[in-house]
Number of protein chains: 4
Amino acid sequence: MAGELAPAIGAEELESLIREGVPLVGSYGVTVQALGHGSVRLRMPYRDDFVRPGGTITGPAMFGLADVALYGAVLSAIGRVELAVTTSMTINFLRKPKPGPILAEARLLKLGRRLAYGDVLIFAEGEEDPVSHATGTYSIPPNRSAVS
Amino acid sequence: MAGELAPAIGAEELESLIREGVPLVGSYGVTVQALGHGSVRLRMPYRDDFVRPGGTITGPAMFGLADVALYGAVLSAIGRVELAVTTSMTINFLRKPKPGPILAEARLLKLGRRLAYGDVLIFAEGEEDPVSHATGTYSIPPNRSAVS
Amino acid sequence: MAGELAPAIGAEELESLIREGVPLVGSYGVTVQALGHGSVRLRMPYRDDFVRPGGTITGPAMFGLADVALYGAVLSAIGRVELAVTTSMTINFLRKPKPGPILAEARLLKLGRRLAYGDVLIFAEGEEDPVSHATGTYSIPPNRSAVS
Amino acid sequence: MAGELAPAIGAEELESLIREGVPLVGSYGVTVQALGHGSVRLRMPYRDDFVRPGGTITGPAMFGLADVALYGAVLSAIGRVELAVTTSMTINFLRKPKPGPILAEARLLKLGRRLAYGDVLIFAEGEEDPVSHATGTYSIPPNRSAVS
């Protein structure tokens, strides 16, 4: 699904949209590392309050990152539609990442008129095996007059 | 599964464990409203940075609440085992709650030696229909020598 | 959601709809034990080819039962809309049922114009603890002119 | 995870294991098209009783295929451990495949001592976009003395 087409939103615009328009996760300092049409790679810097007992990154921080990564993948395909909302999300925690930056690679597997579905692989920066994997569905509002 | 047995952890102890031991969500001001053996009801007060474009509570805040609610249900059955960790979680967003306090009712459907599974119904305070529903699995460490 | 309203489809009609209209699972001999408005309890008799190595009921048989149970819960609320289709399903296998009849209790947690969501508790007949738990979403066609 | 290592089970052995050892799905005529270490591609021929109202392949048939595909991916990494069992599975139905053969490409994303996790992309033969996507967890028995 990713591929030849250009992304329908710019990296800077997506970054500022996440920072200013998305609550909670907007404060995580997420940056865009790569952007396709229907795919995105985000980076979440480490923050002290992400550490869980046992010395690993807490689940809700990874969930929040996965959620905005899928949001970014959707917007990279349909443009700036801020009211696209998550309808469901499944996340599996596979390995315990050490405290440090986290990367999320999202791709769309389906883009319909009303629903988009994709998955997100999450990595500790510099490591090869994923630390978690999420799948999720976004609902696209009917009158998706792109804002910008 | 909930029922006749007494909770294996106290409400105050669970509250302080969430507040001090759980990153991110620990700052949400979550309180325990009811506690059984294998079940718990939590309340999350409203915070301005929970609001998503469109005037509804953001998904990651509800995910974080569902996660600690299931954590509480597990601890209410096995006692204070801080290193119990989420291995997977599925959340479905059903209705858009208005800005306001959120309740989460978690119950265990299985408690094994190594894995616990349960679900969480999430409500806007004062409303009858759930706004989201989560299911999830917790991994219980082998040497679950309760701490306290 | 279940409750005061009468079921929008009869038990016999639902049974024959499952038997004749649903492939694969239609041959499992599923019967309706109870029917509400947005809830249903089904019974699946034991069949030799349901047994998995280790002497337990195979996952796909329970998935098929969960799927038609949720279908039944949807139709019990909106009437005979045969083209309602599953869009997603999550199933967790909690205990290994011995070979024998299986019951499924489905209830709707949301009924929208276009999507319905609910969960299904699955039991070995005569046992108290669930053997599996499923959640799922059905898509309701836009022109839901009930057929009958 | 797939890659340089040889598969820990042969294609013919896996095929006969599915045909003879797996209930229900064993009768679907599934064949192995490709086999790696931690990955597999299966093919399920078309059968008349797979067709759902609306002229598409029924969900439970795709679930059954996804389930054995993940089973095959697990065995391709750990060898013939017949008592590996599914503990959870999430499937999303993305497009309606026309009646015809179905392919399933499974890969492991984690292989631990006790749990394996992976995903499965499902295609209508000859089509490029996936018709469904599944993720799931297999439990590996402690004494995994490979049988053969």
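**A sheet shared by chains A and B**

Tutor: In this predicted model, twelve strands form an open sheet in the order β1(A)-β2(A)-β6(A)-β7(A)-β8(A)-β5(A)-β5(B)-β8(B)-β7(B)-β6(B)-β2(B)-β1(B), with antiparallel pairing. Strands (E, at least two residues) and helices (H or I, at least four) are DSSP runs numbered from the N terminus. Residues are numbered from 1 along each chain as its sequence is written, and chains are lettered from A in the order in which they are written. Local features need pLDDT of at least 70, side-chain atom pairs count only at pLDDT 80 or more, and totals for chains, interfaces and linings use all residues.

Student: What makes β1 of chain A and β1 of chain B stand at the edges?

Tutor: Each has a single partner strand, so one side of each is left without a neighbour in the sheet. For β1(A) that partner is β2(A), joined to it by four bridges in the antiparallel sense, and Ala34(A), for example, has Arg41(A) as its bridge partner.

Student: How do you know that β5(A) and β5(B) pair?

Tutor: Two strands pair if DSSP finds at least two bridges between them, and β5(A) and β5(B) have five bridges, in the antiparallel sense. In one of them, Asn92(A) is partnered by Ser88(B).

Student: Why is the relation of chain B to chain A called that of a two-fold axis?

Tutor: The copies are superposed by least squares on the C-alpha atoms of residues with pLDDT of at least 70 in both. A rotation of 180° with 0.0 Å of shift along its axis places chain B on chain A, with an RMSD of 0.0 Å, and that is the relation of a two-fold axis. Thr90(B) is the residue of chain B that comes closest to this rotation axis, at 2.1 Å (C-alpha).

Student: What makes the copies meet through the same surface?

Tutor: Residues are in contact if their C-beta atoms, placed from the backbone, lie within 7 Å, and the contact takes 27 residues from each of chain B and chain A. On the side of chain B, β5(B) gives the largest share, eight residues. Because 100% of the interface residues of chain B are also interface residues in chain A, the copies meet through the same surface.

Student: Why are α2(C) and α2(D) called roughly antiparallel?

Tutor: Axes are lines fitted to C-alpha atoms, for helices over the stretch in contact, and angles run from 0 to 180 degrees between N-to-C directions. Angles under 35 degrees count as roughly parallel, over 145 as roughly antiparallel, 65 to 115 as roughly perpendicular and the rest as oblique. These two axes cross at roughly 150°, and the helices are therefore roughly antiparallel.

Conventions:
Contact = placed C-beta atoms within 7 Å.
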